[in-house]
Amino acid sequence: MMEMPGRKLGVYICHCGGNISDYVNVERVADVVEGDPSVVTVKTNIFTCSDATQQDMIAEIQEKKLDGIVIASCSPKLHLNTFRAMAERAGLNPYQYTQVNIREQCSWAHTHSKDAATDKAIKLVRAGIARTGLSMPLKRLRVETTPAALVIGAGVAGLRAALALSDMGISVHMIERAGQPGGMISKWGKMFPNGKKGSEIIDSLIKKVRERENINLFTDANIIEKSGNVGKFSVKISVNSKETISLTVGGIIVATGFEPYIPKDGEFGFRLDGVITLPEYEELLAQSSGSFKYKGRDIKTVAYIYCVGSREHCKEDNPHLYCSRYCCTGAVHAAVCTGDLNPGVHQFHLFRDMRTYGKYEMLYDQALKQGSIFLRYEENEPPQVTSEDGRLKVKVKDRLTGGEEIEIKTDLVVLVTGMVPRANAPLVNVLKLPIGKDGFFNEIHPKLKPVETVIDGLFIAGAAQGPKTLSESVASSMAASAKVAALLLKGYIDLEPLVAKVDPDLCTWCGACEQTCPYGAVQRITCDGKEIAMINPVLCKGEGGCVPVCPQQAIGVEGYTNSQVEAMIDALAMEVA
Amino acid sequence: MTSSDSSNGGGPKILVFSTNNISDPGIDLAGSSHMNYPTSVQVISLPCSSGINPRWLLHALEAGFDGVFVAADGTDCAYLPDCTDRTAAVMQKAQDLIKERGLDPRRVKMAGICSVCSESFVSHMEKFNKALSELKT
């Protein structure tokens, strides 16, 4: 292992409640690494991220004049920035801090072998010490930002985001693929909780958007090109497939919504006369007043079948495994609206698990009081829908009455369909949007970074990210707007200084790095009478594409230099004595 | 090459190079889902697989690792559209260096691991672990 004389490092090892210490002997890790010559203090903490522990660490950094710290805890995706900020508050350069992941990549992955997990944690912490021992203080790079945003999708999430951004003084360019703004809910009837119609909500939002001077709304519009980076993206928009508009924006919100699941022919009787999906039923309700008819026939009975296209564990062909989250509430709400319209309608709900969470429980209560009947079926014994003499018949085995087979003659069968991701390949391609396992756009973390993507400056909102109710969609669009505004209103962004750097002593200028860099970050300069490469830190993305092409080994990315990576490899390879 | 690893019943020691934005989250997800893989697998996370110095792979084998796995960005790379080709070139160079030293080029391996590819990561680790065990005998 490389000697690092003169370094004064602090090492903090986290129990994470028991998430780490149940599977890794953290005290032993502390004992072993304490012997490292560059380490002056080692502590274990129950929750290293707690305010109290951060205060203690700050005090110790200042008191012992530490010049580097290693925190072994969770994934850096969660707390790298937390602890960088803490280091800064303590007066320590935040880039002389290393987070070692001993939770996701150690304790949680090796829950059955505490000794082996402990040995692995020791090696990982040693590698963190080795890297930190070779760390240099770095300064962030400041770039100016453009106080304008692009919002993609003019449904409820996009419209609300545009207004929120406009309120905060950010100019908004909004593009909608369809000929009209409004999205999904513009066709729907009364929405929970305030009872306003979907069309009313959307109309009032569109009116406000059109009144704003700092919002440009383009319909029939698609994004065709994106370049630049956070704070200053250059985008090209195609409008009406003929005109191309170039824009500069600081941030982008993607709010492209969902598509309703369309059942296959024959799935729960789909395509039989009177078997319709929940969105179709919503439209029917929105259009009905006074009488309640379907194709001119009075509706006296409605049977809802839940979880159509959701939680499909028995289906083999391309199943949707996830819960679509909004559909239980949507169907129960539709039932309540039906009861309000015509209290005489008999309503049967054939569900698997009822998930009217939070205050949506009030809707369920209301449906029960109105006389809705709830029958529970198992996925492997789904309800059978048939048509006899122009009337629909649903047969179901009801678990709640011990598997009794019940037959319902009904006028309508409503298939309570979930949300599926929109097919949006060109958009995904232009923006390089990350996609999660269910096919929706993927956030960095569902709780800690719920609207952020791995691409700086690119945010997601609404049901494009996963099934959501109206209020959840709007909440996420507010979150994304707040994130964009926080990013752009300061007028500048401090970029990560973890970029490539040329060692002027080793470089002999061959031009290989200049050729390989797609960002034009490499320049040829003369330094002390010698031609060498110089990397512009603002243009460099820090991915290190130039590192392997340099024949002189003269390039390293800050934080990941040759000597740091090799020291980490040596530390990981060393056996625990 | 060290063959004794007390912590893993003598299993092969595998170094993984992951990437901060793409494959490391996938490896995190394997842990969050409590999928087990050998404890002799250790990960160094880097910005992008196209920035790996081929010499690091040789260095790892010479330092005592039995195999090096590059969990590449693949087509998900946010930096470079040709990341896969670049990483493949890195692997080619690494294999040449390894062969020059008389080592078996099968000790280095690359696969694209996406940010939710936890199952694929674990399966790669199990397969590589097995392949390296067979190389040893």
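This section describes the domains, the interfaces and the internal cavities of a predicted model.

Chain A is divided into four parts by the domain assignment: domain 1 covers residues 1-140, domain 2 is made up of 148-257 together with 422-493, domain 3 spans 261-418, and domain 4 runs over 499-557. The sequence of domain 2 is thus given in two segments, 148-257 and 422-493, and the range of domain 3, 261-418, falls between them.

The interface of domain 2 and domain 3 of chain A was examined next. A distance of 32 Å separates the C-alpha centres of these two domains. Contact between them involves 14 residues on the side of domain 2 of chain A and 15 residues on the side of domain 3 of chain A. The area buried between the two domains is about 1400 Å², and carbon and sulfur atoms account for 63% of it. Of the area that domain 2 of chain A buries against domain 3 of chain A, 42% is supplied by Trp188(A), Phe192(A) and Pro467(A), more than by any other three residues. Polar interactions are also present across this interface. One salt bridge is found between domain 2 and domain 3 of chain A, and five residue pairs are in polar contact, both residues of each pair being at pLDDT 80 or more. On the side of domain 2 of chain A that touches domain 3 of chain A, five residues are nonpolar, three are polar and six are charged. The side chains of Arg325(A) and Glu472(A) form a salt bridge, with an N to O distance of 3.0 Å.

The interface of chain B and chain A was treated in the same terms. Here 48 residues of chain B are in contact with 45 residues of chain A. Together the two chains bury about 4000 Å², of which 55% lies on carbon and sulfur atoms. Thr39(B), Gln42(B) and Trp56(B) contribute 14% of the area that chain B buries against chain A, which is more than any other three residues supply. Three salt bridges are counted between chain B and chain A. Lys13(B) and Glu575(A) are joined by a salt bridge in which the closest N and O atoms are 2.9 Å apart. In addition, 18 residue pairs across the interface of chain B and chain A are in polar contact, with both residues at pLDDT 80 or more.

Attention then turned to enclosed space within the model. Four cavities of 30 Å³ or more were counted. The largest cavity has a volume of about 90 Å³. Its lining comprises 14 residues, and those closest to the centre of the cavity are Cys507(A), Trp509(A), Cys510(A), Cys513(A) and Cys550(A). By class, 11 of the lining residues of the largest cavity are nonpolar and three are polar, while none is charged.

The second largest cavity holds about 80 Å³ of space. Of the 15 residues that line the second largest cavity, Cys517(A), Ala521(A), Cys540(A), Glu543(A) and Cys546(A) lie nearest its centre. The lining of the second largest cavity has nine nonpolar and three polar residues, and three charged residues are also present.

Technical notes:
Residues numbered from 1 in each chain as written. Chains lettered and ligands numbered in written order. Predicted model: local features only at pLDDT ≥ 70, side-chain atom pairs only at ≥ 80, totals over all residues. Heavy atoms only, no water. 1 Å grid on protein atoms, 1.4 Å probe; cavity = no way out; pocket = protein on both sides within 12 Å on 5 of 7 lines; lining within 4 Å. Points joined across faces, edges and corners; volume = space filled by probe spheres on them. Nonpolar A, V, L, I, M, F, W, Y, C, P; charged D, E, K, R; others polar. Domains from an automatic or database assignment. Contact = heavy atoms within 4.5 Å. Buried area = accessible area lost by both parts, 1.4 Å probe. Salt bridge = Lys/Arg side-chain N within 4 Å of Asp/Glu carboxyl O. Polar contact = N/O pair within 3.5 Å; in protein donor to acceptor, adjacent residues only side chain to side chain.
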